[in-house]
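Please walk me through this protein model, beginning with its overall fold and going on to its nonpolar cores, its aromatic pairs and its pocket.

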Amino acid sequence: MTTTIAAPSGIAGTASALRRLYFVRFAFAIVWALVMFTMASKITPIGAVLLVLYPLFDVGAVLHDAKVSRSTGSPALLYVNVAVSLATAVGVAAACTSGIPAVLRVWGTWAVVAGLAQLIVAVPRRSMGGQWPMILSGGISVLAGGSFIVSAGADQPSLTGAIGYAVPGAVFFLLSALRLGRTAKGA
């Protein structure tokens, strides 16, 4: 006897797939932030790798989002976000050789651009549910990115703020995942 399980389709299927993705993004961001907080005062080789890993993880997550959410609209802006995150990974790698101020400038620019993209993508998805946390997260990301760029000019710049930025982002992904539960069940 062969059992076939149909893949979820439509809004419920998209919500279910995004819900799983958001739980993974939550877990990754929390673990990443906890590890990075131990190296916030200077850029170590491991810290540099982790700083590059974060935008690369974003690339994978956004590509998955684009794949599973085609029914919610054009993925064009998601692909722009992928390109921006790839450029950020390269930029962060180069900035790590120059010091914390350079990393904060690249990270801040990424936060602004990615936040705008997240905000613009989440607004049309409101009808799916679970998108208000993503809308808030996108807006906060824009503001946080600006603060990272400004903090690069401080007397003693630190990565603490940029690392801490991952924690509220993680919480917003968790909230969104939880709120998508009803839609994912077809309610």
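The paragraphs below take the fold, the cores, the aromatic rings and the pocket in turn.

The model is a predicted one, and its secondary structure is made up of seven helices and zero strands, so that the pattern read along the sequence is α-α-α-α-α-α-α. Of the 187 residues of the protein, 45% count as buried. When contacts between residues at least 6 apart in sequence are taken together, 77% of them join residues that are at least 24 apart.

In soluble globular proteins, nonpolar side chains tend to be buried together. In this model the largest nonpolar core has 33 residues, and those with the most contacts inside it are Trp32, Leu51, Tyr54, Trp107, Leu159 and Ile163. Two or more residues of this core are given by each of helix 1, helix 2, helix 3, helix 4, helix 5, helix 6 (160-164) and helix 7, and the largest share, seven residues, comes from helix 4. Ile163, one of the residues with the most contacts inside the core, touches Trp32, Ala33, Met36, Phe37 and Ala40 when residues up to four places away in sequence are not counted. Apart from the largest core lies another one, of 14 residues, which includes Leu18, Leu21, Phe172 and Phe173.

The aromatic rings can be followed through both of these cores. The count of aromatic pairs comes to nine. In one of them, the rings of Tyr22 and Phe173 have their centres 5.2 Å apart and their planes at 55 degrees, so the pair is classed as tilted; an angle over 60 degrees would be needed for edge-to-face. Because Tyr22 belongs to helix 1 and Phe173 to helix 7, this pair ties together parts of the protein that are 151 residues apart in sequence. Both Tyr22 and Phe173 are buried.

The pair formed by Trp107 and Trp110 has its ring centres 5.1 Å apart and its planes at 85 degrees, so that this pair is edge-to-face. Trp107 and Trp110 are three residues apart in helix 4, and therefore about one helical turn separates them. Both of these tryptophans are buried, and they form one aromatic cluster together with Phe28, Trp32, Tyr54 and Phe57. Within that cluster, Trp32, Tyr54 and Trp107 are also among the residues with the most contacts inside the largest nonpolar core.

The next feature to consider is the largest pocket, which holds about 490 Å³ of space. Of the 33 residues that line this pocket, the closest to its centre are Arg25, Asp58, Gln118, Ser137 and Phe173. At least two residues of the lining are supplied by each of helix 1 (10-37), helix 2 (45-68), helix 3 (76-96), helix 4 (100-122), helix 5 (132-151) and helix 7 (166-184). Helix 4 gives the largest share of the lining, seven residues. By residue class, the lining divides into 22 nonpolar, seven polar and four charged residues.

Several of the residues closest to the centre of the pocket can be placed in more detail. Asp58 is found in helix 2, and because its relative accessible area is 8%, under the 20% cut-off, this charged residue is buried. With residues up to four places away in sequence not counted, Asp58 touches Arg25, Asn81, Ser85 and Trp110; of these partners, Arg25 is itself one of the residues closest to the centre of the pocket, while Trp110 is part of the aromatic cluster described above. Ser137 lies in helix 5, and its relative accessibility of 8% means that Ser137 also counts as buried. Once its neighbours within four places in sequence are left aside, Ser137 is in contact with Gln118, Gly169 and Phe172. Gln118 is again among the residues closest to the centre of the pocket, and Phe172 is a member of the core of 14 residues. Phe173, the ring partner of Tyr22, is likewise among the residues closest to the pocket centre.

A last residue to look at is Tyr79, whose place is in helix 3. At 35% relative accessibility, Tyr79 counts as partly exposed. Tyr79 touches Leu63, Ala66 and Arg70 when residues up to four places away in sequence are not counted. Between Tyr79 and Val62, which are 17 residues apart in sequence, the C-alpha to C-alpha distance in space is 7.7 Å.

Definitions and conventions:
Residues are numbered from 1 along each chain as its sequence is written. This is a predicted model: local features need pLDDT of at least 70, side-chain atom pairs count only at pLDDT 80 or more; totals for chains, interfaces and linings use all residues. Side-chain values use heavy atoms; hydrogens and water are left out. On a 1 Å grid over the protein atoms alone, a cavity is a set of points where a 1.4 Å probe fits but cannot get out, and a pocket is an open set with protein on both sides within 12 Å along at least five of seven lines; lining residues have an atom within 4 Å of a point. Grid points are joined across faces, edges and corners, and a volume is the space filled by probe spheres set on the points. Helices (H or I, at least four residues) and strands (E, at least two) are DSSP runs, numbered from the N terminus. Rings of Phe, Tyr and Trp (its six-membered ring) pair if their centres lie within 6.5 Å; planes under 30 degrees apart count as stacked, over 60 as edge-to-face and the rest as tilted. Buried means under 20% relative accessible area, exposed over 50%, partly exposed in between (1.4 Å probe, protein chains only). Contact means heavy atoms within 4.5 Å. A nonpolar core is a set of buried Ala, Val, Leu, Ile, Met, Phe, Trp, Tyr and Cys residues joined through side-chain atoms within 4.5 Å.
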